[in-house]
Amino acid sequence: RGKAGGIKVVNYEEAQNLTTKFLGTEFLGETITEILLDEKIIIEKEYYLGIMFDTSKRKPILIFSEEGGVEVEEVKKQSPEKVILKEIDYVEGTSNVDGLNDVTSNSKIQETIKKLYECFVKNDCRMIEINPLVETSEGEFVAVDCVAVLDDDARYRWPIKFEERTD
């Protein structure tokens with residue numbers, strides 16, 4: 001969304017103008033029916049954090065990179081040492097991913113990993129990622145953007161009945 005021009009940093013007056021301009025228009029193949037306004041945060045560092053189900057290993061894989069805000073696949077190609085992959089055991093949960101590096105040893109990151117995994121399992125995700133997960137100047141971690149891909153085979157368990165996509 002950001003690369004396509006869907007995220008704007010504006011003041012109050014500009015937000016009013018852009019809202020009326022964007023509502024009802026099409027963006028990335030979908031009609032804009034809502035606008036999210038949020039406070040701008042000061043970013044010190046961006047990270048990538050995701051969990052993906054690996055069908056060959058039949059278990060979730062934690063993916064962490066200190067290079068957030070970009071395509072993690074590109075980081076993995078160009079600098080594979082910057083991407084940490086760790087299998088998550090369904091019985092142990094995220095307890096086996098403590099301290100993969102200095103950043104993931106941070107208790108706030110550990111809590112974020114734990115909550116992301118709970119969301120992954122609870123919502124029958126095939127993939128969920130926070131990109132970027134940012135560290136603010138106050139040392140807080142904020143999920144600036146998140147994407148989830150749900151397992152269609154679990155559709156009958158979903159509390160929200162999403163409309164079937166045709167594309």
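These are my notebook entries on the fold, the surface and the charged side chains of a predicted model.

**Entry 1: overall layout**

I began with the secondary structure, and found three helices and eight strands in the chain. Reading from the N terminus, I wrote down the order of elements as α-β-β-β-β-α-β-α-β-β-β. For the extent of the C-alpha trace I noted a span of about 50 × 45 × 30 Å along the principal axes. I then looked up contacts between residues at least 6 apart in sequence, and of these 45% join residues at least 24 apart.

**Entry 2: surface and burial**

I looked up the accessible surface of the chain, which comes to about 11,700 Å², and carbon and sulfur atoms account for 50% of that area. Of the 167 residues in the chain, 29% are buried.

**Entry 3: charges**

I recorded 22 positive and 35 negative side chains, with the centres of the two sets lying 4 Å apart. Side chains of opposite charge can pair when their charged atoms come close, and I therefore turned to the salt bridges, of which the count comes to six.

**Entry 4: the pairs around E87**

I looked first at E87 and K57, which form a salt bridge whose closest N and O atoms are 3.3 Å apart. E87 belongs to strand β5 (residues 83-87), whereas K57 sits in the loop between β3 (43-54) and β4 (59-65), so this pair ties together parts that are 30 residues apart in sequence. Neither side chain is recorded as buried: E87 is partly exposed at 32% relative accessibility, and K57 is also partly exposed, at 44%.

I next noted that E87 forms a salt bridge with K59 as well, here with the closest N and O atoms 3.6 Å apart. Because K59 lies in strand β4 and E87 in strand β5, the pair links parts that are 28 residues apart in sequence. K59 has a relative accessible area of 21% and is partly exposed; the cut-off for buried is under 20%.

**Entry 5: a pair within a helix**

I then looked up K77 and E74, whose side chains meet in a salt bridge at 3.6 Å, N to O. Both residues lie in helix α2 (residues 72-78), and because they are three residues apart there, about one helical turn separates them. K77 counts as exposed, at 63% relative accessibility, while E74 is partly exposed at 38%.

Finally, I asked which residues are joined by salt bridges that share partners. I found K57, K59 and E87 joined into one network in this way.

Notes:
Residues are numbered from 1 along each chain as its sequence is written. This is a predicted model: local features need pLDDT of at least 70, side-chain atom pairs count only at pLDDT 80 or more; totals for chains, interfaces and linings use all residues. Side-chain values use heavy atoms; hydrogens and water are left out. Helices (H or I, at least four residues) and strands (E, at least two) are DSSP runs, numbered from the N terminus. Buried means under 20% relative accessible area, exposed over 50%, partly exposed in between (1.4 Å probe, protein chains only). Contact means heavy atoms within 4.5 Å. Accessible areas come from the Shrake-Rupley method with a 1.4 Å probe; for residues, only the protein chains shown count as cover. Lys and Arg count as positive and Asp and Glu as negative; His and the chain ends are not counted. The place of a charge is taken as NZ of Lys, CZ of Arg, CG of Asp or CD of Glu. A salt bridge is a side-chain nitrogen of Lys or Arg within 4 Å of a carboxyl oxygen of Asp or Glu.
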